[in-house]
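User: I am new to reading protein structures, and I would like a close look at a single part of this one: the salt bridges. Please take me through them slowly and connect each step to the one before.

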Amino acid sequence: EVPIFALTTRGIYIPSMSAFMHIASKYFSTIDLIGPSPSPDDSKRFIYHLSNPLPNPPSAVIIYGIGDSGKSTLSRTYFNHSILRTDDIFFAWKEAHIHLMLSISFFSDMLRAKYLSNYLEFCTKEITNWLMPRLNHDIVIEGYDLCYEDYRTNVIDLLKSHNYKITEISL
């Protein structure tokens with residue numbers, strides 16, 4: 001099986017041709033390969049021309065995986081949607097609880113998932129607030145914390161309650 005991303009010698013992830021074709025075909029009916037693109041690290045890169053966008057209902061793309069697996073590269077390269085990084089929500093959680101996080105006991109309890117339900121509730125509220133004012137309902141939500149099954153389920157339930165069609169991509 002061809003991996004979705006290949007790590008280049010410059011330390012960045014680039015998508016495989018099959019990954020690009022699979023994702024782009026969901027959004028465009030015409031995908032023309034223009035030719036190879038020069039790259040500073042001799043990686044195999046190609047130029048495509050995308051045309052004839054497919055009519056899509058409002059959708060949410062959920063991209064999740066471990067850190068440094070290429071989530072941001074994928075979301076910014078392929079999806080011209082509003083992007084919510086759940087990694088950023090974690091930093092908002094951390095900022096709101098910084099006085100507690102300085103405590104070793106709180107940090108160890110958090111690592112043991114003692115505060116996971118509070119964290120998931122916080123994240124769901126943040127996503128709800130982020131969704132409300134949106135005029136463009138095509139969004140991408142990405143982050144490593146979506147690997148938590150109960151969190152991902154909460155996010156999916158929330159999006160479904162707002163009538164989103166959901167595509168999940170696990171890296």
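Analyst: Before we begin, one term is needed: a residue is called buried when its relative accessible area is under 20%, exposed when it is over 50%, and partly exposed in between. Please also keep in mind that the model is predicted.

By that scale, glutamate 168 is partly exposed, because its relative accessible area is 39%. Glutamate 168 forms a salt bridge with arginine 152, and the closest N and O atoms of the two are 3.2 Å apart. Since glutamate 168 belongs to strand E8 (residues 165-170) and arginine 152 to helix H7, this pair ties together parts that are 16 residues apart in sequence. As for the idea behind such pairs, side chains of opposite charge can pair when their charged atoms come close.

Arginine 152 has a second partner, for its side chain also meets that of glutamate 149 in a salt bridge, at 2.3 Å from N to O. Here the two residues are three apart within helix H7 (residues 149-161), so about one helical turn separates glutamate 149 from arginine 152. The surroundings of the two can be read from the scale above: arginine 152 counts as buried because its relative accessible area is 9%, whereas glutamate 149, at 48%, is partly exposed. Through these shared partners, the salt bridges join Glu149, Arg152 and Glu168 into one network.

The structure holds three salt bridges, and the one still to be described joins the side chains of glutamate 142 and arginine 85, at 3.7 Å from N to O. Because glutamate 142 lies in strand E7 and arginine 85 in strand E6, the pair ties together parts that are 57 residues apart in sequence. Glutamate 142 is buried, because its relative accessibility is 0%. Strand E7 covers residues 139-142, and when neighbours within four places in sequence are set aside, the contacts of glutamate 142 include Ile63, Lys71, Ser72, Ile83, Arg85 and Asp87.

One of those contacts, isoleucine 83, lets us look at the two strands from another side. Isoleucine 83 is found in strand E6, which covers residues 82-85, and it is partly exposed because its relative accessible area is 26%. Leaving out residues up to four places away in sequence, isoleucine 83 touches Ser75, Arg76, Trp130, Val140 and Glu142. With valine 140, the separation in sequence is 57 residues, yet in space the two C-alpha atoms are 4.7 Å apart.

Finally, it helps to place these pairs within the whole chain, which has seven helices and eight strands. Of its 171 residues, buried ones make up 40%. Among contacts between residues at least 6 apart in sequence, 68% join residues at least 24 apart. The chain exposes about 10200 Å², and carbon and sulfur atoms supply 58% of that area.

To draw the thread together, Arg152 shares a network of salt bridges with Glu149 and Glu168, while glutamate 142 and arginine 85 meet in a salt bridge of their own.

Terms used
Residues are numbered from 1 along each chain as its sequence is written. This is a predicted model: local features need pLDDT of at least 70, side-chain atom pairs count only at pLDDT 80 or more; totals for chains, interfaces and linings use all residues. Side-chain values use heavy atoms; hydrogens and water are left out. Helices (H or I, at least four residues) and strands (E, at least two) are DSSP runs, numbered from the N terminus. Buried means under 20% relative accessible area, exposed over 50%, partly exposed in between (1.4 Å probe, protein chains only). Contact means heavy atoms within 4.5 Å. A salt bridge is a side-chain nitrogen of Lys or Arg within 4 Å of a carboxyl oxygen of Asp or Glu. Accessible areas come from the Shrake-Rupley method with a 1.4 Å probe; for residues, only the protein chains shown count as cover.
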